[in-house]
Amino acid sequence: MRPEKKGDPVTSSHVPLRSQRGVYGISVTSELTGIGPQTLRLYERRGLITPTRTGGGTRRYSEDDVARLQKITELVAAGVNLIGIGQILQLEAENAILAARNAELELLVKSEVPGRA
């Protein structure tokens with residue numbers, strides 16, 4: 001199991017969601033994303049992607065990783081450098097966490113304040 005990344009949704013039993021399970025090897029991920037294996041390794045070294053590892057150390061990419069790589073590709077095409085991409089991805093993750101917390105608080109307020117819709 002890969003280490004939790006900040007902002008990763010995790011079930012209560014800490015079993016990765018289906019979209020988080022590493023199932024694709026580096027060559028399949030390269031085909032799916034159009035990103036070369038060396039570039040995938042570079043993105044990993046730069047902390048932009050964190051594939052799971054098998055017991056033997058083989059990288060395994062998940063559906064979430066593929067989606068993240070597609071986002072990285074879009075940002076690269078827009079001219080954003082890798083440091084900027086890392087910051088954008090971090091801010092997006094933090095924003096998603098805050099949005100989820102806000103939704104939880106709104107539900108809590110609605111359930112505790114009578115007549116509030």
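Start by selecting Arg53: this residue is partly exposed, with a relative accessible area of 42%. Keep in mind as you click around that you're looking at a predicted model. Now show the side chain of Glu44 too. Arg53 and Glu44 form a salt bridge, and their closest N and O atoms are 2.8 Å apart.

Leave Glu44 selected and add Arg59. Here is another salt bridge: Arg59 pairs with Glu44, with 2.5 Å between the closest N and O atoms. This pair links distant parts of the chain, since Arg59 sits in strand β2 and Glu44 in helix α2, 15 residues apart.

Next, jump to Lys71 and Glu92. Their side chains meet in a salt bridge as well, at 3.3 Å from N to O. Lys71 belongs to helix α3 and Glu92 to helix α4, so this pair ties together parts that are 21 residues apart in sequence. Are these two buried, partly exposed or exposed? Lys71 counts as partly exposed, at 27% relative accessibility, and Glu92 is partly exposed too, with a relative accessible area of 38%.

Which residues do shared partners join into one network? Select Glu44, Arg53 and Arg59 together, and there you have it: salt bridges that share partners connect them. The structure holds three salt bridges, so you can tick that list off.

**Helix α2, inside and out**

Now select residues 37–45, which make up helix α2. Which of its residues are buried? Colour Leu40, Tyr43 and Glu44, because those are the buried ones, each with under 20% relative accessible area. They cover an arc of only 100° around the axis, which puts them on the same side of α2. If you're wondering about the spacing, here's a handy rule: an α-helix has 3.6 residues a turn, so residues three or four places apart point the same way.

Spin the helix around and pick out Gln38 and Arg45. On this other side of α2, both are exposed.

What do the buried residues of α2 pack against? Switch on these elements one at a time: α1 (26–33), β1 (52–53), β2 (59–60), α3 (63–77) and α4 (82–112).

Before leaving, step just past the end of α2 to Gly47. This glycine takes a positive phi of about 80°.

**Where α1 crosses α2**

Show α1 and α2 together. Their axes come within 9 Å and cross at roughly 100°. That makes α1 roughly perpendicular to α2. To see where they touch, select Ile26, Thr29 and Ser30 on α1, then Pro37, Leu40 and Arg41 on α2, as these residues make the contact. You've met Leu40 already, as one of the buried residues of α2.

**Zoom out**

Finally, show the whole protein as a cartoon. How many helices and strands are there? You should find four helices and two strands. Trace the chain from the N terminus and the elements run α-α-β-β-α-α. Of the 117 residues in the protein, 22% are buried. Among contacts between residues at least 6 apart in sequence, 51% join residues at least 24 apart.

For a last look, colour by pLDDT. The protein averages 87, and 84% of the residues score at least 70. Then select residues 1–12, where pLDDT stays under 50. For this stretch the model has 20 contacts beyond four places in sequence.

Notes
Residues numbered from 1 in each chain as written. Heavy atoms only, no water. Buried < 20%, exposed > 50% of the residue type's maximum accessible area, 1.4 Å probe, protein only. Arc of directions from axis to C-beta. Contact = heavy atoms within 4.5 Å. Salt bridge = Lys/Arg side-chain N within 4 Å of Asp/Glu carboxyl O. pLDDT = per-residue confidence, 0-100. Axes fitted to C-alpha atoms, helices over the stretch in contact; angles between N-to-C directions. Parallel < 35°, antiparallel > 145°, perpendicular 65-115°, else oblique.
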